[in-house]
Amino acid sequence: MAGEVVAALVSGSLALLSDAGHMLTDAGALAGALWAMNLAVRPARGAMTYGWKRAEILAALANGVTLLVVAVVVATEAVRRLVNPPEVTGVTVLVVAVIGIVVNIAATWLIARADRTSLNIRGAYQHVLTDLFGFIGTAVAGVIILATGWTRADPIASLVVVALMLRAGWGLTRDSGRVLLEAAPEELDLDAVRTHILGVEHVTAVHDLHAWTVTSNLPAVSAHLVIEDSCFADGHAHRILDEVQECLQTHFSVGHTTFQVEPSRHEATEHDCF
């Protein structure tokens, strides 16, 4: 990153300077990801009844927002340079870009081996992958400048990087926002969940059905199950609970469930139900 800043100042390349800025956010993203992973393994204690698992989601959100902010800054400068293109040294741009490609291929390969279903890991991966594409675009710009002298290739390469950052940043911000807003996981069909629960014998109704994501790969479901009154008298209620839990684990891979079983007359006493 330090080498890129020096090369950018010497060559006058915005593409190199934007790559350097992105590498700075990469370093922050990787540090934040490691910090969040360290917090996430802490056990639940006191008021933190889920532990610190949401720290991973906060890190992913920070990575997404950072990508969007850097994209806006680089886009503003790129447009200015498209209107008034400065002199750019093509050789320096090309050499530094090639070095950056090699370094980022290694970094991308390493992070690609991790579990990218984690939003936290995905955030770090998107930063490094976007940086790799940015270096490729910068290398192409260097070749064009050397071959034709057309210096506008440099800010155009920067705008390509901006497009990649916007795409990655928006995806991370959207997905982490869904988790923080307690939205149901995208892959979980609540109508199908309700149908499966109602398919269990003696369950007559389902209400207050909620689904959310505690952190990556940890969906949770809660609901109130109305069952036949006779099940409370003959001790069958606990077996219904077992069947419903097994149903969600088998069909929807949801292991964290909380169910309240109740007779039909109980629903009339509940308030603020959703």
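**Exercise 1. Where is H202 found, and what stands out about its backbone?**

Start with the location: H202 is in the loop between α7 and β1. Helices here are DSSP runs of H or I with at least four residues, strands are E runs of at least two, and both are numbered from the N terminus. Now check the backbone: H202 has a positive phi of about 80°, although it is not a glycine. Finish with exposure: H202 is partly exposed at 23% relative accessible area. Buried means under 20%, exposed over 50%, and partly exposed in between, using a 1.4 Å probe and protein chains only.

A word on the ground rules. Residues are numbered from 1 along each chain as its sequence is written. This is a predicted model, in which local features need pLDDT of at least 70, side-chain atom pairs count only at pLDDT 80 or more, and totals for chains, interfaces and linings use all residues, while side-chain values use heavy atoms, with hydrogens and water left out.

**Exercise 2. Find N217 and describe its phi and exposure.**

Go to the loop between β1 and β2, which holds N217. Its phi is positive, about 65°, and N217 is not a glycine either. N217 counts as exposed, at 54% relative accessibility.

**Exercise 3. Work out where the confidence is lowest and highest.**

Begin with the average: the protein has a mean pLDDT of 85, and 97% of the residues score at least 70. (pLDDT is the predictor's confidence in each residue, from 0 to 100.) Then go by element: helix α2 (residues 14-40) is lowest, with a mean of 78, and α7 is highest, at 94.

**Exercise 4. Take apart the largest nonpolar core.**

First, the members: this core has 20 residues, and I197, V203, V221, V244, L248 and F259 have the most contacts inside it. A nonpolar core is a set of buried Ala, Val, Leu, Ile, Met, Phe, Trp, Tyr and Cys residues joined through side-chain atoms within 4.5 Å.

Second, the suppliers: α7 (190-198), β1 (203-215), β2 (218-227) and α9 (237-252) each give at least two residues to this core. The largest share, five residues, comes from α9.

Third, zoom in on I197: setting aside residues up to four places away in sequence, I197 touches V203, V206, L225, V244, L248 and F259. Contact means heavy atoms within 4.5 Å.

Last, look elsewhere: apart from this core lies another, of 14 residues, including I57, A71, V161 and L172.

**Exercise 5. Compare the settings of A36 and A141.**

A36 is found in helix α2 and is buried, at 0% relative accessible area. Beyond neighbours within four places in sequence, A36 contacts A55, E56, A59 and N120.

A141 is in helix α5 and counts as buried, at 2%. Not counting residues up to four places away, A141 touches A153, D154 and A157. For a distance check, the C-alpha atoms of A141 and V93 are separated by 7.9 Å, with their positions 48 residues apart along the chain.

**Exercise 6. Which residues are closest to the centre of the largest pocket, and what types make up its lining?**

Of 17 lining residues, V179, P185, E186, E187 and T213 are the closest to the centre. By type, the lining divides into seven nonpolar, five polar and five charged. Here Ala, Val, Leu, Ile, Met, Phe, Trp, Tyr, Cys and Pro count as nonpolar, Asp, Glu, Lys and Arg as charged, and the others, Gly among them, as polar. A pocket is an open set of points on a 1 Å grid over the protein atoms alone where a 1.4 Å probe fits, with protein on both sides within 12 Å along at least five of seven lines; lining residues have an atom within 4 Å of a point.
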